[in-house]
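Work through the exercises below with the structure open beside you. Try each task before reading its solution.

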Amino acid sequence: MNASAPHIEVMRSQLGRARGLGAGHSGVGHWWAERVTAASLLPLSTWFVVQMFRLGGADHAEVVKWGSKPVNATMLIALIITTFYHAQLGLQVIVDDYVHGKAHLPTRLLVKIGTSLLGLLGVIAVIKLFVRGSAAK
Amino acid sequence: MVELRLPRNSTIGKGKTFPAPAGAKNVRTFRIYRWTPDDDKNPVIDSYELDLDTIGPMVLDAIIHIKNEVDPTLTFRRSCREGICGSCAMNIDGENTLACLKPIKDIKGDVRIYPLPHMPIVKDLVSNLDGAYAQLRSIQPWMQSDSAPPPDSERRQSVEERAKLDGMWECILCFCCTTSCPSYWWNGDKYLGPAVLLAAYRWVADSRDEHTGDRLDALEDTFKLYACRTIMNCTQTCPKGLNPAKAIGRLKELQLERKI
């Protein structure tokens, strides 16, 4: 045995630790949104891939004309918002799994801000395309 | 942050070899994790060469033979030797299971035996399950009913209601599933783990229990329940053939059902 007993930092009972701070009363929304966005991305992504094939070889003016159609702009924005929302939900899961301690909260914030800004950038780009195309008519 | 390798004091070294008795024909090597808190040494793998013709068919028979005849210092838990007490849960041939239900002949090559993964070790194959037991207690695994039971009989349940408990009452709390779950390895302090969630759903599904909503309230948490990533190691490893992943899925569905 060591002459000086090792310092014990946590003496809280196992039950106290297991109960912790209690239930946060959230999680079901995140879990459901993950599934809804994943299912929505199936048709949206299929639509996008088909459209890209149809636009293959098109010149700039044609693409701008395509982007000025309300249906196309709507679908594009829906795709972008759903994609980045889904990415946010998924990345949060990865952060929860692998990042512990003090780094957890800032990393979570970084994921939220990063995906939101990227999504916003995509939406603005579609709006710009839509406005440019509509003005050219 | 992310841990990519074992802590220095957990890296496993090479241990002793106990050769087979002279004249043994049907020899198998059992490679077993050894660690004791009595010295400051790292864990090692000891090799025991046994004559399968002289021992019983199960892995538990082999390690009892080792303890009785070869090396009395080998430490492990065991009791019923027929898969009903859950004591001899350990990691055999890379999978968590009960040593008493695992036939040696089902394993190819050397038989590798480790304690249940990612739990503190008490000694050798004995892992410390205090945290998991406390988590079980935290979900209050007992009947909670405000209606008084009939004065002259037990609380009654229809055949259909009783059938909903099948696949859950059989759980023997060996924690093979919980300790096989990567999500539990990552967040075992906050995530309750499949064994405890199966027990929680057993009471949510019980028609005689009247605190279903309270139980769902207590589970609705980013980690306690929703740290489940549907990896399904729990269902794959369960030595009793139960399906904790399905119970966890049902809990999520019920929480959704009361929201929309």
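## Exercises with solutions

B:Met232 sits in the loop between H6 and helix H7 (233-237) of chain B. Helices (H or I, at least four residues) and strands (E, at least two) are DSSP runs, numbered from the N terminus. The model is predicted: local features need pLDDT of at least 70, side-chain atom pairs count only at pLDDT 80 or more, and totals for chains, interfaces and linings use all residues. Residues are numbered from 1 along each chain as its sequence is written, while chains are lettered from A and ligands numbered from 1 in the order in which they are written.

**Exercise 1. Describe the backbone and exposure of B:Met232 and A:His25.**

Step 1. Start with B:Met232. Its phi is near 75°, a positive value in a residue other than glycine.

Step 2. Count neighbours. A residue is buried if 20 or more other C-beta atoms lie within 10 Å of its own, exposed if 12 or fewer, and partly exposed in between, with C-beta atoms placed from the backbone. B:Met232 has 18 C-beta neighbours inside 10 Å, so it counts as partly exposed.

Step 3. Turn to A:His25. This residue lies in the loop between helix H1 (14-19) and helix H2 (28-54) of chain A. A:His25 is not a glycine, yet its phi is positive, about 55°.

Step 4. Classify A:His25. It has 11 C-beta neighbours inside 10 Å and therefore counts as exposed.

**Exercise 2. Summarise chain B as a whole.**

Step 1. Count the elements. Chain B has eight helices and eight strands.

Step 2. Take the extent. The C-alpha trace of chain B spans about 70 × 50 × 30 Å along its principal axes.

Step 3. Look at burial. Of the 260 residues in chain B, 37% are buried.

Step 4. Look at contacts. Two residues are in contact if their C-beta atoms, placed from the backbone, lie within 7 Å. Among contacts in chain B with a separation of 6 or more, 67% join residues 24 or more positions apart.

**Exercise 3. Divide chain B into domains. Which residues does each domain cover?**

Step 1. Read the bounds, which come from an automatic or database domain assignment. Domain 1 of chain B covers 8-127, and domain 2 covers 130-143 + 158-257.

Step 2. Find the spacing. The centres of the two domains of chain B, taken over C-alpha atoms, are 29 Å apart.

Step 3. Count the contact. Domain 1 of chain B gives 14 residues and domain 2 of chain B gives ten residues.

Step 4. Find the main supplier on the domain 1 side. Strand E5 (residues 95-98) of chain B provides the largest share, four residues.

Step 5. Sort that side by class. Ala, Val, Leu, Ile, Met, Phe, Trp, Tyr, Cys and Pro count as nonpolar, Asp, Glu, Lys and Arg as charged, and the others, Gly among them, as polar. The side of domain 1 of chain B that touches domain 2 of chain B has eight nonpolar, five polar and one charged residues.

**Exercise 4. Describe where chain B meets chain A. How many residues of each chain are in contact?**

Step 1. Count both sides. The contact joins 27 residues of chain B with 22 residues of chain A.

Step 2. List the helices. On the chain B side, helix H2 (130-138), helix H4 (182-187), helix H6 (212-219) and helix H8 (244-257) each supply at least two residues. H2(B) gives the largest share of that side, six residues.

Step 3. Sort by class. The side of chain B that touches chain A holds ten nonpolar, six polar and eleven charged residues.

**Exercise 5. Describe how H2(A) packs on H8(B).**

Step 1. Take the geometry. Axes are lines fitted to C-alpha atoms, for helices over the stretch in contact, and angles run from 0 to 180 degrees between N-to-C directions. H2(A) and H8(B) pack at about 100°, with their axes 10 Å apart.

Step 2. Name the angle. Angles under 35 degrees count as roughly parallel, over 145 as roughly antiparallel, 65 to 115 as roughly perpendicular and the rest as oblique. H2(A) and H8(B) are therefore roughly perpendicular.

Step 3. Name the residues. A:Val28, A:Trp31 and A:Trp32 of H2(A) meet B:Lys252, B:Gln255 and B:Leu256 of H8(B). By class, this contact of H2(A) with H8(B) has four nonpolar, one polar and one charged residues.
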